[in-house]
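Here's a quick briefing to read with the model open beside you. Have a look at the sequence and the fold, then work through the points below.

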Amino acid sequence: MCNCVNVKMGSYDNQIVFLRPKHMIGRTEGTTSNTICIDKCIAEEIRYLWSLKVRTTGCCCGHNKQGGYIGVIDKDIEIMKKLGYKVHFNKNNLNDESNFIPKTYAK
Ligand SMILES: [Zn+2]
């Protein structure tokens with residue numbers, strides 16, 4: 001699991017704010033803001049994905065309470081699979097393969 005201690009689900013504790021990366025300017029998934037908040041535990045991993053031009057839609061480290069995920073746009077699902085990411089299946093929609101298990105603490 002991750003490094004969070006006593007971080008509530010949905011809280012913005014333990015986050016880092018980044019400027020929206022250039023390759024995601026104009027996208028509206030997750031947020032339309034010029035800044036994007038990332039859980040500290042997976043921030044390095046997200047920045048790495050951004051460096052590969054992956055377009056993320058949202059993410060959560062899971063705060064040591066549940067599995068985290070990294071969401072990407074449909075067009076980037078193949079890139080994630082090529083990078084070796086495993087799909088984090090959505091129990092409510094098993095056809096949805098747009099979320100992945102962070103490698104930062106995947107076992
Ligand atoms: Zn965490």
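Contact here means heavy atoms within 4.5 Å. With that in mind, the buried residues of helix α1 are covered by, among others, β1, β2 (35–39), β3, β4 and α2 (77–82). Keep in mind that this is a predicted model. The main stops are a zinc site with four cysteine donors, a sheet of 3 strands and a nonpolar core of 24 residues.

**The zinc site**

- Four cysteine sulfurs hold the ion: the SG atoms of C2, C4, C41 and C61 are the protein donors, at 2.2 to 2.4 Å from the zinc.
- What is the geometry of the zinc site? It's tetrahedral, with angles of 104 to 118 degrees among the 4 donor atoms. For reference, the ideal angle for four tetrahedral donors is 109.5 degrees.
- If you're scanning the sequence for the donors, look for the spacing C-x1-C-x36-C-x19-C. Distant parts of the chain get linked this way: C2 sits in the segment before β1 (15–19), while C61 is in the loop between β3 and β4, 59 residues apart.
- Are C2 and C61 buried or exposed? C2 is buried, at 10% relative accessible area, and C61 is buried too, at 1%.

**Helix α1**

- Helix α1 (40–51) is 12 residues long and spans 17 Å from first to last C-alpha, close to the 16 Å expected at 1.5 Å a residue.
- Which residues of α1 are buried? They are C41, I42, A43, E45, I46, L49 and W50. C41 is also one of the zinc donors.
- As a reminder, an α-helix has 3.6 residues a turn, so residues three or four places apart point the same way.
- R47 is in α1 as well, but it's partly exposed, because its relative accessible area of 47% falls between the 20% and 50% cut-offs.
- R47 and F18 are 29 residues apart in sequence, yet their C-alphas are 9.3 Å apart in space.

**The nonpolar core**

- The largest nonpolar core has 24 residues, and I38, I70 and M80 have the most contacts inside it. At least two residues of this core come from each of β2, α1, β4 and α2. The largest share is that of α1, with 6 residues.
- What does I38 touch, once you leave aside neighbours within four places in sequence? Its contacts are N14, Q15, I16, F18, A43, I46, W50 and C59.

**The sheet**

- The strands of this open sheet run in the order β3-β4-β5, with antiparallel pairing. Because β3 and β5 stand at the edges with a single partner strand each, one side of each has no neighbour in the sheet.
- Between β3 (residues 56–60) and β4 (residues 69–72) there are 4 antiparallel bridges, with C59 opposite I70.
- β4 also pairs with β5 (residues 99–100), again antiparallel, over 2 bridges. Here G71 stands opposite N99, and I70 stands opposite F100.

**Two positive phi angles**

- Most residues other than glycine have a negative phi, which makes the next two residues worth a look.
- K53 isn't a glycine, but its phi is positive at about 70 degrees. K53 comes after α1, in the loop between α1 and β3. K53 counts as exposed because its relative accessibility is 53%, and the cut-off for exposed is over 50%.
- H63 isn't a glycine either, and its phi is positive at about 55 degrees. You'll find H63 in the loop between β3 and β4. H63 is buried, at 2% relative accessible area.

**L19 in β1**

- L19 lies in strand β1 and is exposed, with a relative accessible area of 67%.
- Leaving aside neighbours within four places in sequence, L19 is in contact with N34, T35 and W50.
- From L19 to I42 is 23 residues along the sequence and 16 Å in space, C-alpha to C-alpha.

Definitions and conventions. Residues are numbered from 1 along each chain as its sequence is written. This is a predicted model: local features need pLDDT of at least 70, side-chain atom pairs count only at pLDDT 80 or more; totals for chains, interfaces and linings use all residues. Side-chain values use heavy atoms; hydrogens and water are left out. Two strands pair if DSSP finds at least two bridges between them. Buried means under 20% relative accessible area, exposed over 50%, partly exposed in between (1.4 Å probe, protein chains only). Donors are N, O and S atoms within 2.8 Å of the metal (3.2 Å for Na, K and Ca); water is not among the atoms, so sites may look incomplete. Four donors count as tetrahedral if all angles lie between 85 and 135 degrees; four count as square planar and six as octahedral if opposite donors are over 155 degrees apart and all others between 65 and 115; anything else is irregular. The expected span of a helix is 1.5 Å times one less than its number of residues. A nonpolar core is a set of buried Ala, Val, Leu, Ile, Met, Phe, Trp, Tyr and Cys residues joined through side-chain atoms within 4.5 Å.
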